[in-house]
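Q: I am new to this structure and would like a close look at one part of it. Could you walk me through that part slowly and then show me how the rest fits around it?

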Amino acid sequence: MAAFDELAEVGYAALTMERVAARARTSKAALYRRWTGRAELALDAWQARGLSDVELPDTGTLRSDLLALLRQVSAKMDSPIGGIMRGLLVDLTRDPEFARLIRERIHTTGPVAVRTILQRAVERGEVEEWVPASRRATVATDLLRNEFLLFGAPVEDETIIEIVDDVYLPLVLAPAPRLTPRSGRPHEER
């Protein structure tokens with residue numbers, strides 16, 4: 001796909017409908033009939049290559065499923081696609097429309113996979129029912145993304161194991177905080 005090749009070559013910041021049209025040997029009008037702008041074009045190019053798709057692991061345990069998922073995501077980050085992904089994530093801060101589309105289309109991939117893994121863990125009795133819908137659910141993928149953005153790829157397997165064992169599992173296996181009757185906020189032990 002011309003748009004994907006253009007993304008790989010110049011990044012999202014320099015992506016233009018003109019350059020994609022020239023590369024695809026078509027007109028800008030043809031592109032605009034299908035996409036309202038470069039943000040939608042870039043995301044469709046991303047998704048057409050299956051870059052946001054993950055194979056959902058089902059190993060039978062929460063820990064193993066999480067490790068398999070994070071390793072899979074990390075491998076995508078370490079592929080030639082990683083540079084494109086980093087550029088797209090950086091451009092979120094510069095283009096509000098692009099940020100909105102990323103949240104709607106791509107950001108949901110990791111959370112959906114994690115929530116599915118957590119739901120299976122609920123069914124096996126490994127975690128409480130409230131966990132998949134909590135803010136805690138996506139901490140592992142958020143930490144992996146942070147590691148990638150700050151330090152690049154490959155994300156070391158030792159780091160993935162630390163994310164799961166030292167941060168994520170203690171967080172999702174912990175009981176829900178008790179809420180105070182009046183405020184609905186967590187009750188702090190004194």
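Which residues in α9 meet which residues in α10?

A: Happy to walk you through it. Please keep in mind that this is a predicted model, and every value below is computed from it.

Let's start with the contact you asked about. On the α9 side, the residues involved are Val139, Ala140, Leu143, Leu144 and Glu147. On the α10 side, their partners are Thr159, Ile160, Ile163, Val167, Tyr168 and Leu171. How are the two helices arranged? The axes of α9 and α10 lie 9 Å apart and make an angle of about 145°. The crossing of this pair is right-handed.

Now for α9 by itself. This helix covers residues 139–151, which is 13 residues. From its first C-alpha to its last, α9 reaches 18 Å, close to the 18 Å expected at 1.5 Å a residue. Its buried residues are Ala140, Thr141, Leu144 and Phe148. Looking down the axis of α9, you would find these buried residues within an arc of 95°, so they line one face of the helix. A general rule helps here: an α-helix has 3.6 residues a turn, so residues three or four places apart point the same way. Two names appear in both lists: Ala140 and Leu144 are buried, and Ala140 and Leu144 also take part in the meeting with α10.

What comes just before α9? Thr138 sits in the loop between α8 (109–124) and α9. With a relative accessibility of 11%, Thr138 counts as buried, because the cut-off for that label is under 20%. Setting aside residues up to four places away in sequence, Thr138 touches Pro111 and Arg115.

At the other end, α9 is followed by Gly152, which has a positive phi near 80°. A little further along, Ala153 and Pro154 are joined by a cis peptide bond, with omega at about 5°. Pro154 belongs to the loop between α9 and α10.

That loop brings us to α10, which spans residues 157–173. One residue to pick out in α10 is Asp165. Asp165 is partly exposed, with a relative accessible area of 27%. If you leave out neighbours within four places in sequence, Asp165 is in contact with Arg63 and Pro170. Arg63 is 102 residues away from Asp165 along the chain, but their C-alpha atoms are separated by 7.9 Å.

Arg63 leads us to another helix, α5, made of the 17 residues 62–78. At 1.5 Å a residue, α5 should span 24 Å, and its end C-alpha atoms are indeed 24 Å apart. The buried residues of α5 are Leu62, Asp65, Leu66, Leu67, Leu69, Leu70, Ser74 and Met77.

Leu62 has a further part to play. The largest nonpolar core has 50 residues, and Leu62 is one of the four that touch the most other members, along with Leu7, Tyr12 and Phe98. Phe98, for its part, is in contact with Tyr12, Ala39, Ala42, Leu43, Leu88, Asp91 and Leu92, once neighbours within four places in sequence are set aside.

A few loops elsewhere are worth a visit too. Arg94 is in the loop between α6 (81–91) and α7 (96–106). Arg94 is exposed, with a relative accessible area of 57%. Arg94 and Ala13 are 81 residues apart in sequence, and their C-alpha atoms are 8.8 Å apart in space. Gly37, in the loop between α3 and α4 (38–48), is buried, with a relative accessible area of 15%. Its contacts, leaving aside neighbours within four places in sequence, are Met17 and Tyr32. Arg25 lies in the loop between α2 (17–24) and α3 (28–34). This residue counts as exposed at 80% relative accessibility. Phi of Arg25 is near 55°, a positive value in a residue other than glycine.

Finally, let's step back to the whole chain. The secondary structure comes to 10 helices and zero strands. Of the 190 residues in the protein chain, 38% are buried. Among contacts between residues at least 6 apart in sequence, 64% join residues at least 24 apart. The pair of Asp165 and Arg63, 102 residues apart along the chain and in contact, is an example you can look for in the view above.

Methods. Residues are numbered from 1 along each chain as its sequence is written. This is a predicted model: local features need pLDDT of at least 70, side-chain atom pairs count only at pLDDT 80 or more; totals for chains, interfaces and linings use all residues. Side-chain values use heavy atoms; hydrogens and water are left out. A nonpolar core is a set of buried Ala, Val, Leu, Ile, Met, Phe, Trp, Tyr and Cys residues joined through side-chain atoms within 4.5 Å. Buried means under 20% relative accessible area, exposed over 50%, partly exposed in between (1.4 Å probe, protein chains only). Contact means heavy atoms within 4.5 Å. Helices (H or I, at least four residues) and strands (E, at least two) are DSSP runs, numbered from the N terminus. The expected span of a helix is 1.5 Å times one less than its number of residues. The arc is that of the directions from the helix axis to the C-beta atoms. Axes are lines fitted to C-alpha atoms, for helices over the stretch in contact, and angles run from 0 to 180 degrees between N-to-C directions. A crossing is left-handed if the near helix is turned anticlockwise from the far one by less than a right angle, and right-handed if clockwise.
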